Amino acid sequence: MENEEEAALSSSPNPLDVDPALQKKHQSMLDRLTDRHQTRLGSSLTRRSAESDSSSSPSFESTSTFLSRFSNSKSSIESQLAQCRLGLSDSTQVKPQLDQISSSISDLEKLVAENSYFLPSYEVRSSLKTISDLRQSLEILSSELLPKKKFAFKNKPTRKDPIFESKEQEEEKKPEKPGFRVPQSPGFWNKKGEILVHKFKGSELGEFTIADLDSCEVRLTGSVRALFVHRLRNCRVYTGPVTGSVLIDGVEGCVFIMASHQIRIHNAKRSDFYLRVRSRPIIEDSCGMRFAPYCLSYQGIEDELREASLVEETENWSNVDDFLWLRAVQSPNWSVLPEDERVGLVDISNSEES
């Protein structure tokens, strides 16, 4: 109908040359077309305004959704801790429950890592502090409920085998730094000048600890949920994918090649980090830190990285967050490692397990 009216207007003679009745008809058609154009213009502007409002809201909605999910997960973990403390007396039930809580905390860490790119810095800090408190509560509860005994596998290693010494054995030798608790998990402890190799198989281990090493090379292949690194000097550490988080504390003169969803570094000096990480690496109380992209290779690593959602390069290795540097300018505590000083591709395919 509208097209017919427009065609009629374009083909009609000049209204000044016709009688008043025809001129009145032309004016009526013009008024109707003008009204339609105005109505369409108003609808278009309203739609664009709604689309603009919609496009500006995802960040708020995403942050709100994250905080809701985080709060619900936190409450669930706290409830599990309380139930475990009050309701379980059978020691055979305690260990599976504690393992489940540890897994839930790791999932919460992963949630923060996957959403940290859009969260305000204060929300990231608050979330990480909450996770640290939950993990400390779990460690305290574990020490209360589980009998203290040395970790052992079915196939017990020889006395000279460097792998899997217990936490209690190390606590007798060195006092712990205030504010940092070395987790009671299998790992490499108290070694000097050795090559330490381990391959994670399936769900064999949820957490792994590397502590009190001097001038050692550590090669870890396969996937692990969480990795703790504590008090290393002049060491090289090569790891496959960590599906949760890596916590590094008290290292000096070391080289790390790591892939993880989240990496936190405390009290580190003069160390190089080759990383692939889903969220921004976090450093605190550290200096002389240099960063470069992940460069590790071994048979099957691409499949493992893909399963851990770490196959894509995010470039976050160069987007470091120094929590104690509040100025707008670049932190002097870290820098990008110059290309001519970087190591090449490190291949650990032929490593034999310790």
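What follows is a working chat about side-chain pairs, cysteines, backbone angles and nonpolar cores in a predicted model.

Student: How many salt bridges are there?

Tutor: The count comes to 13 salt bridges in this predicted model. One of them pairs Glu109 with Arg135, with the closest N and O atoms 3.3 Å apart.

Student: Where do Glu109 and Arg135 sit in the chain?

Tutor: Glu109 is in helix H4 (residues 91-115) and Arg135 is in helix H5 (residues 121-145). The two are 26 residues apart, and the pair links distant parts of the chain.

Student: Are Glu109 and Arg135 buried or exposed?

Tutor: Glu109 is buried, and Arg135 is buried too.

Student: And Glu252, what does that one pair with?

Tutor: Glu252 forms a salt bridge with Arg233, and the closest N and O atoms are 3.3 Å apart. This pair also links distant parts of the chain: Arg233 belongs to strand E5 (residues 224-233) and Glu252 to strand E6 (residues 236-252), 19 residues apart.

Student: Why does Glu252 count as partly exposed and not as buried?

Tutor: Its relative accessibility is 23%, and buried means under 20%, so Glu252 counts as partly exposed. Arg233 is also classed as partly exposed, at 42% relative accessibility.

Student: Which helix holds Arg306 and Asp303?

Tutor: Both lie in helix H7 (residues 301-307), three residues apart, about one turn of the helix. Their side chains meet in a salt bridge at 3.1 Å, N to O. Arg306 counts as partly exposed because its relative accessibility is 47%, and Asp303 is partly exposed at 47% as well.

Student: Which residues do shared salt-bridge partners join into one network?

Tutor: Glu109, Arg135 and Glu207 are joined into one network by salt bridges that share partners.

Student: Switching to rings. How many aromatic pairs does the structure hold?

Tutor: There are six aromatic pairs. Among them is Phe66 with Phe70, a tilted pair at 5.7 Å centre to centre, with 35° between the planes.

Student: Where are Phe66 and Phe70?

Tutor: Both are in helix H3 (residues 58-87), four residues apart, which is about one turn of the helix. Phe66 and Phe70 are both buried.

Student: What about Phe291 and Trp334?

Tutor: Phe291 and Trp334 form an edge-to-face pair, 5.9 Å centre to centre and 85° between the planes. Phe291 lies in strand E9 (residues 287-293) and Trp334 in strand E12 (residues 334-336), so the pair links distant parts of the chain, 43 residues apart. Both Phe291 and Trp334 are buried.

Student: Which residues make up the cluster linked by ring pairs?

Tutor: The cluster consists of Phe256, Phe273, Phe291 and Trp334.

Student: Which residues does Phe291 contact, sequence neighbours aside?

Tutor: Leaving aside neighbours within four places in sequence, its contacts include Ile265, Phe273, Leu275, Trp317, Val320 and Trp334.

Student: Which residues have the most contacts inside the largest nonpolar core?

Tutor: They are Ile210, Leu232, Phe256, Met258 and Phe291, in a core of 34 residues. The elements giving two or more residues to this core are E3, E4, E5, E6, strand E7 (255-277) and E9. E7 supplies the largest share, eight residues.

Student: And what does the second core include?

Tutor: The second core is separate, has 22 residues, and includes Phe66, Leu108, Val124 and Leu134.

Student: Cysteines now. How many disulfides does a search find?

Tutor: A search of the whole structure finds zero disulfides. For Cys216, the nearest cysteine sulfur is that of Cys235, 5.0 Å away.

Student: Why is Cys216 not in a disulfide with Cys235?

Tutor: The cut-off is 2.5 Å between the sulfur atoms, and theirs are 5.0 Å apart, so the pair does not count. Cys216 is buried, with a relative accessible area of 3%. Cys295 is buried too, at 10%.

Student: Last topic, backbone. What is the phi of Ser215?

Tutor: Ser215 has a positive phi of about 55°, although it is not a glycine. Most residues other than glycine have a negative phi. Ser215 is in the loop between strand E3 (207-214) and strand E4 (217-221), and at 37% relative accessibility it counts as partly exposed.

Student: And Glu315, where is that found?

Tutor: Glu315 is in the loop between H7 and strand E11 (321-322). Its phi is near 70°, again a positive value in a residue other than glycine. Glu315 is partly exposed, with a relative accessible area of 44%.

Definitions and conventions
Residues are numbered from 1 along each chain as its sequence is written. This is a predicted model: local features need pLDDT of at least 70, side-chain atom pairs count only at pLDDT 80 or more; totals for chains, interfaces and linings use all residues. Side-chain values use heavy atoms; hydrogens and water are left out. A salt bridge is a side-chain nitrogen of Lys or Arg within 4 Å of a carboxyl oxygen of Asp or Glu. Buried means under 20% relative accessible area, exposed over 50%, partly exposed in between (1.4 Å probe, protein chains only). Rings of Phe, Tyr and Trp (its six-membered ring) pair if their centres lie within 6.5 Å; planes under 30 degrees apart count as stacked, over 60 as edge-to-face and the rest as tilted. A nonpolar core is a set of buried Ala, Val, Leu, Ile, Met, Phe, Trp, Tyr and Cys residues joined through side-chain atoms within 4.5 Å. Contact means heavy atoms within 4.5 Å.
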